[in-house]
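Hi there,

Here is the structure I promised to pass along. Have a look at it first, and then read on for what turned up.

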Amino acid sequence: MTKNIDNSSPLPANIEEQSGQIPENVARRRLLSGIVASGSALVMSGLFRQAEAADPLPIPKWTKSLGEPVAARPYGLPSPFEKAVIRRESAAEFSPPGYVPPLSTSSWALTPLQDLHGSITPNGLFFERHHGGLPTIDPAQHRLVIHGLVKREILFSMEDLIRFPAVSKFHFLECSGNSDTSLEGNHGQTAQDVHGLVSCAQWTGVMLSTLLREAGIDTDKARYILAEGADGAAMLRTIPISRAMDDCMIVYAQNGERLRPEQGYPIRLLVPGCEGNINVKWLRRLEVSDIPAFSREETSKYTDLTGPDGIAHKSSLFMEAKSLITFPSGGHELPEAGHYEIRGIAWSGRGKISGVDVSVDGGKNWQPANLAEPVLAKCLTSFTLPWRWDKSPATLISRARDETGYVQPYLEQLFKTRGKFFVYHNNAMQPWRIDSNGKVTNGNKG
């Protein structure tokens, strides 16, 4: 004989255990009481305010109706509530309110670093840098040739390249002009404005060394690889043969999908740890040579201007160790005193990040931050540090160390060692100032 149970009264514990089921109203009461209890603990610790409503977890309107059908969007898109998380063209931060600068074929668009989480950049937010606009390339017609000091010249189709053993690796890319606004009058408010020319992805393709061996590279004479793109700028850069035979890749996929057009579709060169410009997009030609190209991008551009007279020296390729606090950072505002988690990213073109230190008093005192796994070579590494803000003015700075022992410098140190004319490879520490009202601004200003 089955006995009816009155759901309006608490269910005996032994009946719950025997049946393995809990009536909905009882489960809901227990859930809410658990939330209230845990919420009270958080309030006691100063992390959160206590809910004022009688029911701390009301049923929202979207729970009372069906949502959109499956595959309503064949290609998934971010939530409409994330519409402000976008790339921004470089001139946008210097324009009057409401002004939209004209699009340029030789410009860059910056990644919203302050809005991202973790170490991987979504493909749609990966920074852009172009010198001749975006070409529209039919992959069925695109070809890559390897010629010069090789036993046999080879013309590869996309189908040919995909037949080679595939390799996937996580690496960052950074434009050598990233953070140059700190050198040009301290423009820029947010992390995106000042440092948004760095991003990170999982890249898939074939090792460059594999293709060079397939062509029969002349190891006695070969000294350089000249890489040329198929865009309107016909970008041409020189890679030392030692780098080409190391960890360089010819990539055709990024974060699990084929390259986006702005990232070099259908193929690009990837030179891990080196300045973005040498990672030639829309790759069409690789020439094995015994002399450098001395192209425009290696003479009038992308050279180091050093010393008191700003004399141009040969190009520097590697991006040195660098870090950036992304929260709280310029444009953010802390609503109240209490506990926060300082978050940021660190990277080095020389290998792995070995540590990050954080200061909240402008560099007087430092604390070691927590590095998020995995810590990979030549890849963005996320770091965090718990912090309690008491509404006193603060200046937040981070400094990175890599496995070579190199320590990220202050901007003044770079000016002292490189001179006042240097433009590229600014890896100086970035300070963020927080006033007593919680407003965060660029600490390089003023």
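Below are my notes on strands, cores and cysteines.

Before anything else, please keep in mind that this is a predicted model.

**The buried strand and its partners**

A good place to begin is strand β7, residues 198-207. Nine of its ten residues are buried, so the strand is largely enclosed by the rest of the structure. On one pairing, β7 is joined to strand β6 (residues 167-174) by eight bridges, and the two run antiparallel. If you want a landmark there, find Lys-169, which stands opposite Trp-203 in β7. β7 also pairs with β10, again antiparallel, through five bridges. Here Gly-205 has Val-251 of β10 as its bridge partner.

**Two nonpolar cores**

The largest nonpolar core has 35 residues, and the members that touch the most others are Leu-144, Leu-211, Ile-250, Leu-283 and Leu-286. Several elements supply at least two residues each, including β4 (144-148), α5 (208-215), β10 (249-254) and β13 (283-289). The biggest contribution comes from α5, which gives four residues.

Ile-250 is worth clicking on. Beyond its neighbours within four places in sequence, Ile-250 is in contact with residues that include Leu-144, Leu-211, Leu-283 and Leu-286, as well as Gly-205, Val-206 and Arg-268. A separate core of 31 residues lies apart from the largest one, and among its members are Ile-345, Val-358, Trp-389 and Leu-396.

**An open sheet further along**

Four strands make up an open sheet with antiparallel pairing, in the order β16-β17-β21-β20. Its edges are β16 (322-327) and β20 (370-371), each of which pairs on one side only. In between, β17 (residues 338-347) and β21 (residues 381-389) are held in register by nine antiparallel bridges. Gly-338 stands opposite Trp-389 of β21, and Trp-389 is also one of the residues in the 31-residue core.

**Cysteines**

How many disulfides does the model contain? The count comes to zero. Why is Cys-200 in no disulfide? The nearest cysteine sulfur, that of Cys-379, is 3.5 Å away, and a disulfide is counted only when the two sulfur atoms are within 2.5 Å, which is why this pair does not qualify. Cys-200 is buried, with a relative accessible area of 0%. Cys-175 also counts as buried, because its relative accessibility is 7% and the cut-off is under 20%.

Happy browsing, and do write back with any questions.

Best wishes

Conventions:
Residues numbered from 1 in each chain as written. Predicted model: local features only at pLDDT ≥ 70, side-chain atom pairs only at ≥ 80, totals over all residues. Heavy atoms only, no water. Pairing = 2+ DSSP bridges. Core = buried A, V, L, I, M, F, W, Y, C linked by side-chain atoms within 4.5 Å. Buried < 20%, exposed > 50% of the residue type's maximum accessible area, 1.4 Å probe, protein only. Contact = heavy atoms within 4.5 Å.
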